[in-house]
Amino acid sequence: MQKELDGQEKKKMNVRKFVNMARKYTKLEKLDSTIVREFIDKILVSAKDRKTKTQEITIVYHFIGAFDFNKAINQTKKEDKNSKVGVI
């Protein structure tokens, strides 16, 4: 249980580090290579799918790892929808 607790604490610290780093760029007008390197650890590109001729790209961010933006957007939409239930 201590190992799990330590892992959760490390994740929490990493999210804080990421948020603090992101705060520096709240009014970002231009994206340059320095900023990209500060946020992104690596970019993974899958092999091309022969049927669709597409490739999946995964961006792994410093401190928080790969982040599924589609999942976060869908979750936010679901939460917004649920919070409107019963509101007149």
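## The sheet

Two strands count as paired if DSSP finds at least two bridges between them. Strands, like helices, are DSSP runs numbered from the N terminus, with at least two residues for a strand (E) and at least four for a helix (H or I). In this predicted model, E1 and E2 run antiparallel and are joined by five bridges. One residue of this region to look up is lysine 42, whose bridge partner in E2 is valine 60.

The full sheet is open and has three strands in the order E1-E2-E3, with antiparallel pairing. Its edge strands are E1 and E3, each of which pairs on one side only. Glycine 65 has its place in strand E3. Leaving aside neighbours within four places in sequence, glycine 65 is in contact (heavy atoms within 4.5 Å) with Ile59 and Val60. Glycine 65 and lysine 48, by contrast, are 23 Å apart in space, C-alpha to C-alpha, with their positions 17 residues apart in sequence.

## Confidence and conventions

The predictor's confidence in each residue is given as pLDDT, on a scale from 0 to 100. The protein averages 85, and 93% of the residues score at least 70. Among the elements, strand E1 (residues 40-45) has the highest mean pLDDT, 94, while helix H3 (residues 69-83) has the lowest, 78.

Residues are numbered from 1 along each chain as its sequence is written, and side-chain values use heavy atoms, with hydrogens and water left out. Because this is a predicted model, local features need pLDDT of at least 70 and side-chain atom pairs count only at pLDDT 80 or more, whereas totals for chains, interfaces and linings use all residues.

## An aromatic cluster

Rings of Phe, Tyr and Trp (its six-membered ring) pair if their centres lie within 6.5 Å; planes under 30 degrees apart count as stacked, over 60 as edge-to-face and the rest as tilted. The structure holds three such aromatic pairs. One of them joins phenylalanine 18 and phenylalanine 39 edge-to-face, at 5.6 Å centre to centre with 80° between the planes. Phenylalanine 18 lies in helix H1 and phenylalanine 39 in helix H2, so this pair ties together parts that are 21 residues apart in sequence.

Tyrosine 25 and phenylalanine 39 form a tilted pair, at 5.6 Å centre to centre and 55° between the planes. This pair also links distant parts of the chain, with tyrosine 25 in the loop between H1 and H2, 14 residues from phenylalanine 39. Ring pairs link Phe18, Tyr25, Phe39 and Tyr61 into a cluster. As for accessibility (relative accessible area under 20% is buried, over 50% exposed, in between partly exposed; 1.4 Å probe, protein chains only), phenylalanine 39 is buried at 16%, and phenylalanine 18 is buried too.

## The salt bridge

With a salt bridge taken as a side-chain nitrogen of Lys or Arg within 4 Å of a carboxyl oxygen of Asp or Glu, the count comes to one. The side chains of lysine 24 and glutamate 38 meet in it, 2.7 Å from N to O. Lysine 24 lies in the loop between helix H1 (2-23) and helix H2 (33-39) and glutamate 38 in helix H2, so the pair ties together parts 14 residues apart in sequence. Lysine 24 is exposed at 56% relative accessible area, and glutamate 38 is partly exposed at 22%.

## Two positive phi angles

Most residues other than glycine have a negative phi. Lysine 53, in the loop between E1 and strand E2 (57-61), has a positive phi near 55°, and is exposed at 64% relative accessibility. Phenylalanine 63 also has a positive phi, about 75°. Phenylalanine 63 is found in the loop between E2 and strand E3 (65-66) and is partly exposed, with a relative accessible area of 38%.
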